Amino acid sequence: MKFSEEQVKEIVALKESLIEQIDKHQEGIEALEKNITVLDSFLKDSSFTKASQLEIKKEIKSEIIEKKEIKSKSEIIEKSVENSIPIKRVNDGKIIANAFVTADQVSIVLDNEIIINADTPPFKSFFLDRIIGEMKKKDVVEAENGKIQKESVIDYIVNKNGADIREIIIKNYRQKERVNELINTAGWSLTRMLENVNK
């Protein structure tokens, strides 16, 4: 069966479109696979601080503040509710950052030896726009429907030294599941970024 020149062009265009779609979703598929592996590791190590433990820590913090046994309120907040979780490079397990989880934010602090430009892919396209961006879209809808306050919508700050990322602060994560996803996808993104830097 022979095809006309126009039909051939349409078939070629369709093929290119399919390839583009595969490429577009490949990163997401790989991220999900990595997430499952990392989640298994987290569950095994039980490294995440349970909400009940955070509540107990907050109560202890309040008592200490009331008794004026510390000089700085911010010090007790950081020391009592933060839980450090190492973020490891996917391919060799080297620690490349640490996540500090509090009751209302996740701070991802890169190791001093890790130098990555904020423009290195897939930081913005995947981690900021797709992962945090999708969470923000859901929060905005909930805020518009009156389910949460506008001030409770998830947001982020990227602290840099020049153009290099030093810390990523995600505020108002609100859900434990989000913490796991943020940490897992941050590890995957940072790993891919380091691979792109070394190419």
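Contact here means heavy atoms within 4.5 Å. I jot that down before anything else.

**Ground rules**

This is a predicted model, where local features need pLDDT of at least 70 and side-chain atom pairs count only at pLDDT 80 or more, while totals for chains, interfaces and linings use all residues. Residues are numbered from 1 along each chain as its sequence is written, and side-chain values use heavy atoms, with hydrogens and water left out.

**Overview**

I started with the elements, which are DSSP runs numbered from the N terminus: helices (H or I) of at least four residues, strands (E) of at least two. I find five helices and five strands in the protein. Along the sequence they come in the order α-α-α-β-β-β-α-β-β-α.

Next I looked up burial, with buried meaning under 20% relative accessible area, exposed over 50%, and partly exposed in between (1.4 Å probe, protein chains only). Of the protein's 199 residues, 32% count as buried. The accessible surface (Shrake-Rupley method, 1.4 Å probe) comes to about 13000 Å², and carbon and sulfur atoms hold 51% of that. Among contacts with a separation of 6 or more, 58% are between residues 24 or more positions apart.

**H4 against H5**

How do H4 and H5 pack? Helix H4 covers residues 123-144 and helix H5 covers residues 176-197; I note an angle of about 165° between them and axes 9 Å apart. The axes are lines fitted to C-alpha atoms, for helices over the stretch in contact, and angles run from 0 to 180 degrees between N-to-C directions. So H4 is roughly antiparallel to H5, a label for angles over 145 degrees (under 35 is roughly parallel, 65 to 115 roughly perpendicular, the rest oblique).

The crossing of H4 with H5 is right-handed, that is, the near helix is turned clockwise from the far one by less than a right angle (anticlockwise would be left-handed).

Which residues meet there? On the H4 side I list Phe123, Phe126, Phe127, Ile131, Ile132, Met135, Lys138 and Asp139. On the H5 side I list Arg178, Glu181, Leu182, Thr185, Ala186, Trp188, Ser189 and Met193. Sorted by type, the residues of this contact are ten nonpolar, two polar and four charged. Here Ala, Val, Leu, Ile, Met, Phe, Trp, Tyr, Cys and Pro count as nonpolar, Asp, Glu, Lys and Arg as charged, and the others, Gly among them, as polar.

**Around E2**

Is Val101, in strand E2, buried or exposed? Val101 is buried, because its relative accessible area is 3%. I also checked Val101 against Ile85: 16 residues apart along the chain, with C-alpha atoms separated by 8.0 Å.

Ala103 sits in the loop between strand E2 (95-101) and strand E3 (105-110). Its relative accessibility is 38%, so Ala103 counts as partly exposed. From Ala103 to Lys176 I get 9.8 Å, C-alpha to C-alpha, with their positions 73 residues apart in sequence.

**Backbone oddities**

Before this part I reminded myself that most residues other than glycine have a negative phi, and most peptide bonds are trans.

- The peptide bond from Pro121 to Pro122 is cis, with omega near 5°; Pro122 is in the loop between E3 and H4.
- Asn172, in the loop between strand E5 (164-171) and H5, has a positive phi of about 60° without being a glycine. Asn172 is partly exposed, because its relative accessible area is 22%.
- Arg174 is in the loop between E5 and H5, and its phi is positive too, near 70°. With a relative accessible area of 34%, Arg174 is partly exposed.
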